[in-house]
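Q: I have a structure in front of me and I'd like to learn how to read it. Can you walk me through it, starting with charged side chains that pair up?

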Amino acid sequence: MTNEIPTAFPWSHDNTTCTGMTLRDYFAAAAMPVLVANFLAKDLDATDPHGWMEGLSMDAYSMADAMIKQRSEK
């Protein structure tokens with residue numbers, strides 16, 4: 001896999017270029033609703049009510065990395 005991650009929504013106007021969000025961020029954001037819905041269908045850990053957010057964020061980026069790797073192998 002290359003170290004360069006493409007952008008999801010690049011655009012250009014009047015000689016100004018915006019790279020947009022990274023494809024990795026886009027893939028992670030796309031994975032997040034399913035991860036959250038699946039998690040919320042289970043019981044929350046009352047001793048760590050916000051630690052699950054960090055865990056799901058890591059899961060979303062792990063999924064994004066796997067998607068980018070698979071994409072680069074095609």
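A: Sure. One thing to keep in mind is that this is a predicted model. To find paired charges, you look for a side-chain nitrogen of Lys or Arg within 4 Å of a carboxyl oxygen of Asp or Glu. Searching the whole structure that way turns up one salt bridge.

Q: Which residues form the salt bridge?

A: The partners are Asp65 and Arg24, and their closest N and O atoms are 2.5 Å apart. This pair ties together distant parts of the chain: Arg24 belongs to helix H1 (residues 23-40), Asp65 belongs to helix H2 (residues 51-72), and 41 residues separate them.

Q: Is Asp65 buried, exposed or something in between, and what about Arg24?

A: For that you compare the relative accessible area with two cut-offs: under 20% is buried, over 50% is exposed, and partly exposed is what lies in between. Asp65 has 30% relative accessibility, so it counts as partly exposed. Arg24 comes out at 26%, so Arg24 is partly exposed too.

Q: Let's zoom out a bit. What elements does the protein chain have, and in which order do they run?

A: You'll find two helices and two strands in the protein chain. Start at the N terminus and the order reads β-β-α-α.

Q: At what angle do H1 and H2 pack?

A: Here you compare the directions of the two helix axes. For H1 and H2 the angle is about 130°, and the axes are 7 Å apart. An angle over 145 degrees would count as roughly antiparallel, and 65 to 115 as roughly perpendicular. That's why H1 and H2 are called oblique to each other. As for handedness, H1 and H2 make a right-handed crossing.

Q: Which residues meet where H1 and H2 touch?

A: There's a long list, so here is a sample. On the H1 side it includes Leu23, Phe27, Ala28, Ala31 and Leu35. On the H2 side you'll see, among them, Leu56, Ala60, Tyr61, Met63, Ala64 and Ile68. The salt-bridge partners Arg24 and Asp65 are on that list as well. Sorted by class, the contact of H1 with H2 has 17 nonpolar, one polar and five charged residues.

Q: Can we follow one residue there? What does Ala28 touch, apart from its neighbours within four places in sequence?

A: Good pick. Ala28 sits in helix H1, and with those neighbours left aside, it is in contact with Ala60, Tyr61 and Ala64. You can also check C-alpha distances: Ala28 and Ala64 are 5.0 Å apart in space, although 36 residues apart in sequence. Between Ala28 and Met63, 35 residues apart along the chain, the C-alpha separation is 6.8 Å.

Q: Are Ala28 and Met63 buried or exposed?

A: Use the cut-offs again. Ala28 has a relative accessible area of 4%, so it is buried. Met63, in helix H2, has 42% relative accessibility, so Met63 counts as partly exposed.

Q: How much of the protein chain is buried?

A: Buried residues account for 12% of the 74 residues in the protein chain. Another whole-chain figure is about contacts: of those between residues at least 6 apart in sequence, 46% join residues at least 24 apart.

Q: We haven't visited a strand yet. Where is Trp11, and what does it touch?

A: Trp11 is in strand S1 (residues 11-13). Leaving out neighbours within four places in sequence, Trp11 is in contact with Thr16, Thr17 and Cys18. Its relative accessible area is 46%, so Trp11 is partly exposed.

Conventions
Residues are numbered from 1 along each chain as its sequence is written. This is a predicted model: local features need pLDDT of at least 70, side-chain atom pairs count only at pLDDT 80 or more; totals for chains, interfaces and linings use all residues. Side-chain values use heavy atoms; hydrogens and water are left out. Helices (H or I, at least four residues) and strands (E, at least two) are DSSP runs, numbered from the N terminus. Buried means under 20% relative accessible area, exposed over 50%, partly exposed in between (1.4 Å probe, protein chains only). Axes are lines fitted to C-alpha atoms, for helices over the stretch in contact, and angles run from 0 to 180 degrees between N-to-C directions. Angles under 35 degrees count as roughly parallel, over 145 as roughly antiparallel, 65 to 115 as roughly perpendicular and the rest as oblique. A crossing is left-handed if the near helix is turned anticlockwise from the far one by less than a right angle, and right-handed if clockwise. Contact means heavy atoms within 4.5 Å. Ala, Val, Leu, Ile, Met, Phe, Trp, Tyr, Cys and Pro count as nonpolar, Asp, Glu, Lys and Arg as charged, and the others, Gly among them, as polar.
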